[in-house]
Each structure stands twice: as C-alpha cells, then as structure tokens.
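User: I should like to learn how to read the main features of a fold. Please take me through them one by one.

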Amino acid sequence: SKARKRLEPFFIERTKGSEILFGVAPCTLALSQSRRDLYRLFLKQGSSSRRLLMNEFVLQATARGVPVYHVKGRELNALCRGGVHQGVCLEATPLRFKSLKEAEKPDLGHEESPNQQLIWLVLESVQDPMNLGAVLRSAYFLGVDRVVTSQRNSCPLTPTVSKASSGAVELFDVYSTDDLQSFLKAKSAEGWEVVGTVKSPEEVENVPVISCSEFRWNKPILLVIGNEGDGLSLETQLLCHQMLAIPPGRALHPGIESLNVSVAAGILLHSICSQKLRRDD
C-alpha cells in the first residue's frame with residue numbers, strides 16, 4: 001500500500017475559478033498587495049537552507065488569514081505543472097486586464113502638465129507568456145506609465161506571466177482594448193505621438209523609419225510593439241507617425257535578423273525612458 005501511495009499523483013480540490021501562482025517573487029507580492037483573493041499557501045517541507053524565507057511566508061500568510069500547507073517538492077511540482085516554484089505555490093484568484101476607462105483616470109498626486117512626459121506601451125497580439133512577463137518586468141523597471149494590450153490573440157495574465165515578470169504584474173496594472181486601431185486614433189487626436197517598431201526599414205511603406213537612438217521624446221507617446229512572429233499589423237503600422245528600428249552591431253546571417261520581442265522592448269524603452277531621466281537631472 002505504501003508503494004501504491006507513492007505512485008499516486010498529488011491532488012487537491014481547487015477552489016472554483018482559482019489558479020496556482022508559483023515562485024518566490026510572485027507569491028510574496030501577491031500576499032502583500034491584496035489585489036487577489038488568496039486561498040492556500042503551499043511551502044516545501046524541510047527547506048532548511050531557506051528557513052528564514054519560509055518563516056516570512058508563514059508570517060505573511062497568517063497576517064492575511066491564508067492557511068499554510070507544508071508539502072513535498074513533487075507535490076509542488078504537480079501543483080504548478082512543473083514550473084520553477086522555488087519551494088512556494090499560492091492558490092489565488094486570477095488577475096484580469098483593466099478597462100481603458102480606468103486607464104484614463106489619473107493617479108492621485110499625478111496631475112498632468114504641459115511639460116509632463118508620458119509613455120504608454122501598447123502590445124499587439126503578444127502571445128507567449130514568457131515574453132509578456134519579461135516585457136512587463138522591463139516596463140515596470142524603466143518607468144512606463146501604462147501598458148495596453150489588444151484583446152485578440154494576446155496572452156492572458158497567467159501565473160507563468162507573473163513568474164516571468166518576477167512579480168511585476170502583481171504591482172503593475174495592465175489594460176486591454178478590443179479595438180486597438182480606434183484606441184490609437186483617439187490618442188493621436190488628443191496629441192499623443194504613435195511610435196511603432198520594426199526590425200528593418202524596408203518592411204515599412206508610407207511611414208518614416210528612424211533608429212531608436214535618433215528618436216526625441218517631446219510629447220506623450222504610445223510605443224507600439226507587435227506580435228513575436230509577424231510584428232505589427234499593416235493596419236496598425238499605418239496609424240503610426242514614425243517607426244523605430246534597433247540597428248544591429250554586425251552584418252546579420254539570414255534567419256537571425258531580429259531580436260526576441262522582450263529584448264527589443266527593453267532596448268527601445270531604455271532608449272526612450274533614459275531621455276526622461278536626463279531631463280529630470
């Protein structure tokens with residue numbers, strides 16, 4: 001019977017509509033931010049090398065009234081379906097995208113002025129959760145004011161996205177729209193500059209293309225980044241005032257002519273946001 005018990009898969013009856021967060025940063029921030037309903041915290045048994053960290057998790061969970069369960073590593077593996085859990089899983093309600101109406105509300109103490117620099121990152125059909133998480137981590141780190149995604153063909157805010165973002169999604173609101181082109185048109189009419197991205201200038205017609213190092217930030221901007229495989233749709237390209245490209249450092253071999261979308265996003269955001277830092281200095 002003991003052998004049979006060892007072979008039986010670990011199973012818990014999940015709360016309806018819940019999901020399993022995994023990893024130290026996502027679980028820590030989910031416990032501290034109160035943006036999710038939390039049901040159960042699972043910690044790896046016998047983690048002597050991380051005893052202080054595990055004790056901190058127990059204190060956090062106790063303060064929130066979240067039951068704590070100490071389980072075996074293989075049981076954590078089953079809970080998060082093989083994700084890199086670092087000894088911690090948390091059962092919680094999912095995070096949802098916010099509506100654009102909420103995005104229009106300014107933060108308290110964040111009054112707009114004519115000289116204020118604003119940057120919103122717009123993602124069109126980014127589908128890979130690891131890419132989305134990495135993009136959100138960079139956006140949070142570099143000071144992006146808002147992130148907006150298209151609803152169609154886009155990745156939801158899954159636990160894998162939270163892990164890839166190192167928990168940034170637990171802090172950073174992400175908005176979505178079911179009509180990306182109308183959103184871009186409306187912001188353009190309000191005086192925002194719509195800046196697209198492209199891997200090579202010859203791919204774009206009727207929209208000027210410049211190196212990201214040549215771009216000058218002098219008004220509120222929407223930086224629009226496209227799908228991992230196809231980039232921006234033609235409809236979205238034609239709504240851009242200009243396109244940014246990242247110049248390569250060598251002649252590129254065919255088939256290795258572009259960057260991963262999350263890496264490209266980090267480079268472009270740093271190139272733009274560093275201008276804000278210089279002005280603040």
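User: What percentage of the 281 residues in the chain do buried residues make up?

Analyst: This is a predicted model, and in it buried residues make up 46% of the chain. The secondary structure comprises 10 helices and 12 strands.

User: How should one read the pairing of strands, and in which order do the eight strands of the open sheet lie?

Analyst: In general, the strands of a sheet pair through backbone hydrogen bonds, in either a parallel or an antiparallel manner. Here the order is 5-8-7-6-11-9-12-10, with parallel pairing in an open sheet. Strand 5 (98-99) and strand 10 (209-211) stand at the edges; each has a single partner strand, so one side of each lacks a neighbour in the sheet. Strand 5 is joined to strand 8 (residues 174-177) by two bridges, and K98 has Y175 as its bridge partner in strand 8.

User: Which helix packs on the sheet, touching strand 6, strand 7 and strand 8?

Analyst: Helix 6 (residues 129-142) does so, and its direction makes about 175 degrees with that of strand 6 (119-123).

User: How does one read the faces of a helix, and which residues are buried in helix 8?

Analyst: An α-helix has 3.6 residues a turn, so residues three or four places apart point the same way. In helix 8 (residues 180-189), the buried residues are L180, F183, L184 and K187. These residues lie on the same side of helix 8 because they cover an arc of only 95 degrees around the axis. K185 and A189, on the other side, are exposed. Just after helix 8, G191 adopts a positive phi of about 105 degrees.

Conventions. Residues numbered from 1 in each chain as written. Predicted model: local features only at pLDDT ≥ 70, side-chain atom pairs only at ≥ 80, totals over all residues. Heavy atoms only, no water. Buried < 20%, exposed > 50% of the residue type's maximum accessible area, 1.4 Å probe, protein only. Helix = DSSP H or I, 4+ residues; strand = E, 2+ residues; numbered from the N terminus. Arc of directions from axis to C-beta. Pairing = 2+ DSSP bridges. Contact = heavy atoms within 4.5 Å. Axes fitted to C-alpha atoms, helices over the stretch in contact; angles between N-to-C directions.
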